Amino acid sequence: MIFIPLKTSISNALTFNKGQEHLIWILFLFLVFSSCIPHNKIVYLQRQAEQADTIVNYKPDYRIKTGDILYIQVLTLDEKSYTMFNSDRSNQRNTQGGAGGIGNAQMYMSGYNVDEAGNVKMPVVGTVNVEDKTLEEATQYIEKQVEEYLIGATVLVKLVNFSVTVVGEVNSPGKFYVYDNRVTIMDVIAVAGDLTQFGNRTITIVRQTEQGATFGSINLNEAKAISSEYYFLQPNDIVYVEPNRLERLGISQFPISLIISTVSFGLLLLNYFGN
């Protein structure tokens, strides 16, 4: 029986010819570069050197539509007047400390539906048309109606049916309710847990209008995205994050490391038994 020293065996096994060494280096470099994502593809809101430090926002004012739900509260120091103008929520003032303590769900449940004619029906004041008005315009208009019965009252108006749907390559897709009258695409992406590593930074926004659905896009890699009309979202917008091309082709699921390990081990055996 002939014994071959272990050290010598390993040394011989690890000796490759030039062709095999080149193949291993090619496979190694392919693995490294295939697993790396370029820096400029993942950084949000990149500003070019020639761009100004201040970028102007496009802030559209949402106009009330039929089917919206408005939370309207008439604020006054007089308890009887408060009860009169807020008959369906008068107990909230005592139990929750006024408007600041009212929960979002309660605001939704006690909200006023904007009917097909664009009106809401309030206690005492009666029918008030709010269609096509901004929230600020609706607030001022309702205050004028209230002043005919009560001097010095303040009116609070909020839109409580503001929801945005986020789908695609985000970590937590879903439908999110927004209780801030102005929300940006960055806000909802943060709520959705940010984009996955395969998420395309060019985002598609589907927006419902009276004429039908419109499609827009915004590139989050560019700082000028802040000036896009789609940067500030509107109620019922759908935010869709497409997978990038590598994901669509299935390359991201390709077992590159396994293949390289198998080839390397095969070359090792071939070199060992070939000597």
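1. Start with the open sheet in this predicted model. Five strands make it up, and going across you meet them in the order β7-β6-β12-β9-β10, with mixed pairing. If pairing is a new word for you: strands of a sheet pair through backbone hydrogen bonds, and they can do this parallel or antiparallel.

2. Now look at the edges of that sheet. β7 (174-177) and β10 (212-219) sit there, and each has a single partner strand, so one side of each is left without a neighbour in the sheet. As for the twist, neighbouring strands of this sheet are turned by 20 degrees against each other on average, direction ignored.

3. Zoom in on one edge. Strand β9 (residues 202-209) and β10 run antiparallel, and eight bridges join them. For a concrete example to click on, try isoleucine 205: its bridge partner in β10 is glycine 216.

4. Next, the charged side chains. How many salt bridges does a search of the whole structure find? It finds four. Three of them are worth a visit here.

5. One of them brings together the side chains of arginine 182 and aspartate 61, at 2.7 Å from N to O. Arginine 182 is in the loop between β7 and β8 (183-184), while aspartate 61 is in the loop between α2 (18-34) and β1 (69-75), so this pair ties together parts that are 121 residues apart in sequence. Are these two buried or exposed? Partly exposed is the label for both: arginine 182 has 37% relative accessibility, and aspartate 61 has 48%. The label fits because partly exposed covers the range between the 20% cut-off for buried and the 50% cut-off for exposed.

6. Another salt bridge links glutamate 137 with arginine 63, and here the closest N and O atoms are 3.1 Å apart. Where do the partners sit? Glutamate 137 belongs to helix α6 (residues 135-147) and arginine 63 to the loop between α2 and β1, so the pair ties together parts that are 74 residues apart in sequence. Glutamate 137 counts as partly exposed at 34% relative accessibility, and arginine 63 is partly exposed with a relative accessible area of 34%.

7. Finally, find lysine 224 and glutamate 222. They form a salt bridge too, with the closest N and O atoms 3.7 Å apart; that counts because the cut-off is 4 Å. Lysine 224 is partly exposed, at a relative accessible area of 47%. Glutamate 222 is also partly exposed, at 32%.

Conventions
Residues numbered from 1 in each chain as written. Predicted model: local features only at pLDDT ≥ 70, side-chain atom pairs only at ≥ 80, totals over all residues. Heavy atoms only, no water. Pairing = 2+ DSSP bridges. Helix = DSSP H or I, 4+ residues; strand = E, 2+ residues; numbered from the N terminus. Axes fitted to C-alpha atoms, helices over the stretch in contact; angles between N-to-C directions. Buried < 20%, exposed > 50% of the residue type's maximum accessible area, 1.4 Å probe, protein only.
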